[in-house]
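Work through the exercises below with the model open. Each one sets a task and then solves it step by step.

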Amino acid sequence: MLHIDSVLKPVEARIRQCRPSFSRHVVDEIEYVLRRGMLREGTCTLRFEDCFRKRTGAQYAYSVSNGTAALHLGLLCCIEPGCRVLVPGFSFIASASAVVHAGGVPVFVDVDPETFLLDIDDAWEKTDESTGAIVPVHLFGNVVPYDGLLELAEEYDLRIVHDAAQALGSTYMGAELGEFSDVSCYSFYPSKIITTGEGGMVTTYSEELGHRVELLKNHGETEKYLHTLLGYNFRGNEVASVLGLDQMTRLDYFLEKRRSIARYYDLAIGNIEGVVPQRVTEGTESCYNYYTVRVDPAMELDRDMIVMDMRNMNIETLVHYPFALTEQPALRKYVTEPCQVAEELAKNVFSIPIHPYLTKREAEQVILALRTVVYRYL
Ligand SMILES: Cc1ncc(COP(=O)(O)O)c(C=O)c1O
């Protein structure tokens, strides 16, 4: 019998959940922007948008201040005030708060216990004539299957506003997400696939939607100080765009590294009883923004104890997310019934470190720690 306390030793240096990184020359480019003194959106932003548009297969791309603003704008362009909008019950708060800020009413749809994504059967049940849009959240990089979505959207004439905050680089049936969608919304928060500190992007295929996004993100201004509609200040900026351009040149490298770590985790976790990784949907090649696992509820493992032990071993282990959207006090008035699977996942999931600079040795340490901790409680 192992003496557990001798095994639960912290690894020497803390293994972090995510780790943004930039090229050396980005410092010179930022210095150039600072010396030039033109900080608001300009040529770097146009280049960043162009690069992003080409990479994601979209027709139009607009840089914005963050992913929440991207969703807010995408929804404003797609829904009428008061219309119902389907949102998965398991996501980051912004997937729902943006609906409310855009004048819609979130309707929470339960999720699949294995993929953690919107359950399309539940979406059918919750859709009616007053439903105007659906927000598929491609959670942790896993893509919501498009076939089911498109069928539902066609039947009820729904707009689809993709929450792709965590899905830059994910592909579905070999295609980039922007190639399929009316509107896709991305985030460049530091834990995302690429980061600009804070930032986001709206992409679309439609010239009309693109034009509206462009107007709304900049106070509805059509010429200097002439405003044809009331918009917002959701603009990006030049420093963020320099960072974004740099990050885009590294995107393929980031994806390759994340996918190779995920392949290793998939194999290794397959041998750990009681812990099951998120199931990637058929046709998806995930970007693995997070590598999230679920403790098997049948095994009566305590997620919080596992997370605490992992952290004590110097391995940053996070919970995405500890509450379902239906459990958020700020959303209470929109909740008509619980989302049972989402609420169960919120008690049982946790994310282990994954980022392009995680070494093979660190990944092995993560697995060793996880195995040791889980077997402690089995
Ligand atoms: C699923 C999801 N949607 C929306 C957002 C909002 O993005 P941001 O933090 O850039 O506003 C995030 C980011 O945290 C997210 O993870």
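A residue is buried if 20 or more other C-beta atoms lie within 10 Å of its own, exposed if 12 or fewer, and partly exposed in between, with C-beta atoms placed from the backbone. Helices (H or I, at least four residues) and strands (E, at least two) are DSSP runs, numbered from the N terminus. The model is predicted: local features need pLDDT of at least 70, side-chain atom pairs count only at pLDDT 80 or more, and totals for chains, interfaces and linings use all residues. Residues are numbered from 1 along each chain as its sequence is written.

**Exercise 1. Find the buried residues of helix H11 and say how they are arranged.**

Step 1. Take helix H11, residues 340-348. Its buried residues are Val-341, Ala-342, Leu-345 and Ala-346.

Step 2. Look down the axis of H11. The buried residues fall within an arc of 140°, so they line one face of the helix. The arc is that of the directions from the helix axis to the C-beta atoms.

Step 3. Look for the cover. E14 and E15 are among what covers the buried residues of H11. Contact here puts two C-beta atoms, placed from the backbone, within 7 Å.

**Exercise 2. Give the strand order of the open sheet that holds E14, and explain its edges.**

Step 1. Two strands pair if DSSP finds at least two bridges between them. The sheet has three strands in the order E12-E14-E15, paired antiparallel.

Step 2. Strand E12 (275-277) and strand E15 (349-352) each have a single partner strand, so one side of each is left without a neighbour in the sheet.

Step 3. Neighbouring strands of this sheet are turned by 35° against each other on average, direction ignored. Axes are lines fitted to C-alpha atoms, for helices over the stretch in contact, and angles run from 0 to 180 degrees between N-to-C directions.

Step 4. E12 and strand E14 (residues 291-295) are joined by three bridges in the antiparallel sense. Val-276 is set opposite Arg-294 in E14.

Step 5. Add the helix. H9 (residues 238-269) lies across E12 and E14, and runs at about 150° to E12.

**Exercise 3. Describe the shell around the ligand, then place Gly-67.**

Step 1. The shell holds 15 residues; Asn-66, Gly-67, Thr-68, Ala-165 and Ser-187 come nearest. A residue is near if its C-beta atom, placed from the backbone, lies within 6 Å of the molecule.

Step 2. Helix H4 (67-76) and helix H5 (94-101) are the elements that give two or more residues to this shell. H4 gives the most, with three residues.

Step 3. Sort by class. There are six nonpolar, eight polar and one charged residues. Ala, Val, Leu, Ile, Met, Phe, Trp, Tyr, Cys and Pro count as nonpolar, Asp, Glu, Lys and Arg as charged, and the others, Gly among them, as polar.

Step 4. Gly-67 lies in H4. Gly-67 has 27 other C-beta atoms within 10 Å, so this residue is buried.

Step 5. Check its contacts. Leaving out residues up to four places away in sequence, Gly-67 touches Ala-94, Ala-165, Cys-185, Tyr-186, Ser-187, Tyr-189 and Gly-200. Gly-67 and Met-201 are 134 residues apart in sequence and 6.9 Å apart in space, C-alpha to C-alpha.

**Exercise 4. Show how strand E8 is covered and paired.**

Step 1. In strand E8 (residues 183-187), five of its five residues are buried.

Step 2. In a regular strand the side chains alternate between the two faces of the sheet. In E8, Val-183, Cys-185 and Ser-187 point one way, while Ser-184 and Tyr-186 point the other way.

Step 3. Strand E5 (residues 159-163) pairs with E8 in the parallel sense over three bridges. Val-161 stands opposite Val-183.

Step 4. Strand E9 (residues 200-204) runs antiparallel to E8, with five bridges. Val-183 stands opposite Thr-204 in E9.

**Exercise 5. Inspect the backbone at Tyr-321, Phe-116 and His-219.**

Step 1. The peptide bond from His-320 to Tyr-321 is cis, with omega near 10°. Tyr-321 lies in the loop between helix H10 (303-312) and H11.

Step 2. Phe-116 is not a glycine, yet has a positive phi of about 70°. With 23 C-beta neighbours inside 10 Å, Phe-116 counts as buried.

Step 3. His-219, also not a glycine, has a positive phi of about 55°. With 17 C-beta neighbours inside 10 Å, His-219 counts as partly exposed.
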